[in-house]
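I'm opening a fresh notebook page for this structure. The plan is to look things up one at a time and jot down what turns up.

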Amino acid sequence: MSKEESKNEIPKLKDFIFEKLLSEDTKAHRVFLLGKFKNSSEPAILKLEKTHFSKENLNNINNYLEKETVLDHNDIYTWLTSNISGTFKDPHLRIQIIYPATSLHIKKYSEQPRVIINETPEQYKNIVLPYIESLPPERTAWVENILEGRQEADSLIYNDKDSETGFIIVPDSKWDRTLNTLYVQCIVHKRGIRSVRDLRREHLPLLRKVYEIATTLVPKIYSTESEKITADQLKIYFHYQPSYYHLHIHITHINVDGVGLYLRDVIDNITMDDQFYAKKTITYQLGKNHILYSLFEKAYNNKRICESIEKEEINKKPKLL
C-alpha cells in the first residue's frame, strides 16, 4: 500500500500490530503505542486515552459495574477494581490513529526528558525561523482542508471567511464532549501568521474579534439547562512553541490542564508595543527529541567553539611590554 493510499484509507484497529510503548501519561490516563497495520510496512501510532464520565449516565452506575475485585479494606475504606459493562452509554476509550506516522511523529510521542528554553529574538531569527521555513507544506495540509471546507465542515461552530479578520472555531479532536473538559480551537483564515512572534498591531482587529466571539458564542453553544459555562470559565490562549505554524488559539474550560500566552494579555502587550513579541525573550518547555532542541544544542556548541577560537587567537597575540 502506498503512502497516498494509506492517508485516504481508514485503518482497522483489529489489524494493528503492536511493536512498543512510546510513552505514557499516568495522570492523563493516556498511552502512545508504535506498531504497524497488517499488509503494510508503514509505521503507525495508536493513542489510547480513557474517557471522562458523563454526569447524566452516573445515576445508575451500579448497574454497569461488573467483575468487582477487592484490593484492600481498612476501617471505613475499601479499594476495588471493576469493569464497566459494554451497555454503558459512555465509551471507555478515545482512540487516535496516526498512519502513516513519520519519524517526527515517533520522536514527538516517545518518552523524552524536557528542558526549559529561554528563546531570545536573535535565537528565533537564527534558529527557529529557518526551522519553520524548512517545514514542508504537507505538515499543515489538514489545516488547509478544514479552512477550505474539505474536512470537518459539519463540525464548525463558527466560520467568518474574511481574509484579514476571519477565523473558524471547531471542536478539538482531544475533547470528549463533556462540558468541564471543553476544548475547541480557533484557526485564523489569514495565511502567513505562524505564531505570536508574527503578531503586530495590524492584527488587533482579528484578535479582538476572536476574543469577543469566543466569550459570547462558546458559552451559548455548549451550555445546557443542567450544565452552564460562562465567559469567565474559559481559558483562551496561544501555545508557544505551537504544535503547528499556522496561527491558532486554544479555547478550553478552566478545569482543563495546560495554558500558554493568554489572548487578553497578548492583545494588551501588542497595543502597548507593536514589536512586543518580536523583541521578547519567550520561555517554554521543549522535549529533547524535538528537532528544535538539536538545533539549539548545535548553535550552542558552535558558539562555544567560536569563543574558544577567539580566546586562542587573543592569547597568540604578542603582549606589549
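**Entry 1: N39 and its loop.** I started with N39, which lies in the loop between β2 and β3. This is a predicted model, so I'm reading backbone angles off a prediction. N39 isn't a glycine, yet its phi is positive, at about 65 degrees. I noted that most residues other than glycine have a negative phi. Is N39 buried or exposed? I found a relative accessible area of 76% for N39, and because the cut-off for exposed is over 50%, N39 counts as exposed. The loop belongs to the hairpin of β2 and β3, which has five residues between the strands.

**Entry 2: the neighbouring hairpin.** Next I went back along the chain to the hairpin of β1 and β2. Four residues sit between the strands there, and H29 has a positive phi near 55 degrees. β1 covers residues 16-25, and its pairing with β2 is antiparallel, over eight bridges. For a concrete contact I picked F18, whose bridge partner in β2 is G35. I then followed G35 across to β3, where its bridge partner is A44. β2 and β3 run antiparallel too, joined by seven bridges.

**Entry 3: the whole sheet.** In what order do the strands of the open sheet come? I wrote down β1-β2-β3-β6, four strands with antiparallel pairing. The edge strands are β1 and β6, each of which pairs on one side only. From one strand to the next, the twist averages 25 degrees. I also checked the join between β3 and β6: these two run antiparallel, with six bridges between them. L48 is one residue to look at here, as its bridge partner in β6 is I95. A reminder for when I look at the faces: in a regular strand the side chains alternate between the two faces of the sheet.

**Entry 4: salt bridges on the sheet.** I turned to charged pairs. Side chains of opposite charge can pair when their charged atoms come close. How many salt bridges are there? The count comes to 14. I looked first at R30 and E49, whose side chains meet in a salt bridge at 3.2 Å, N to O. R30 is in strand β2 (residues 30-37) and E49 in strand β3 (residues 43-50), so the pair links distant parts of the chain, 19 residues apart. The two ends differ in their exposure: R30 is partly exposed at 22% relative accessible area, while E49 is buried at 13%. The cut-off that separates them is 20%, with buried meaning under that value. The pair has company, too: D25, R30, K47 and E49 are linked in a network of salt bridges.

**Entry 5: R191 and its two partners.** Which residue forms a salt bridge with E144? I found R191, with the closest N and O atoms 2.7 Å apart. R191 is in the loop between β10 (183-188) and α5 (204-222), E144 is in helix α4 (residues 141-147), and the two are 47 residues apart. R191 has a relative accessible area of 37%, which makes it partly exposed, and E144 is partly exposed as well, at 24%.

R191 turned up again with E148: their side chains meet in a salt bridge at 2.9 Å, N to O. E148 is in the loop between α4 and β8 (158-160), so its pair with R191 ties together parts that are 43 residues apart in sequence. I have E148 down as partly exposed, at 46% relative accessibility.

**Entry 6: another positive phi.** While in the loop between α4 and β8, I noticed that E152 is placed there too. E152 is a residue other than glycine, and its phi is positive, near 60 degrees. I looked up its exposure: E152 has a relative accessible area of 38% and is partly exposed.

**Entry 7: cis peptide bonds.** Last, I checked the peptide bonds. Where does the bond from Y99 lead, and is it cis or trans? It runs to P100 and is cis, with omega near 0 degrees. P100 lies in the loop between β6 (93-98) and α2 (103-109). I also marked the bond from Y240 to Q241, which is cis with omega near -10 degrees. Q241 is in the loop between β11 (234-238) and β12 (248-253). I flagged both bonds because most peptide bonds are trans.

Definitions and conventions
Residues are numbered from 1 along each chain as its sequence is written. This is a predicted model: local features need pLDDT of at least 70, side-chain atom pairs count only at pLDDT 80 or more; totals for chains, interfaces and linings use all residues. Side-chain values use heavy atoms; hydrogens and water are left out. A salt bridge is a side-chain nitrogen of Lys or Arg within 4 Å of a carboxyl oxygen of Asp or Glu. Buried means under 20% relative accessible area, exposed over 50%, partly exposed in between (1.4 Å probe, protein chains only). Two strands pair if DSSP finds at least two bridges between them. Axes are lines fitted to C-alpha atoms, for helices over the stretch in contact, and angles run from 0 to 180 degrees between N-to-C directions.
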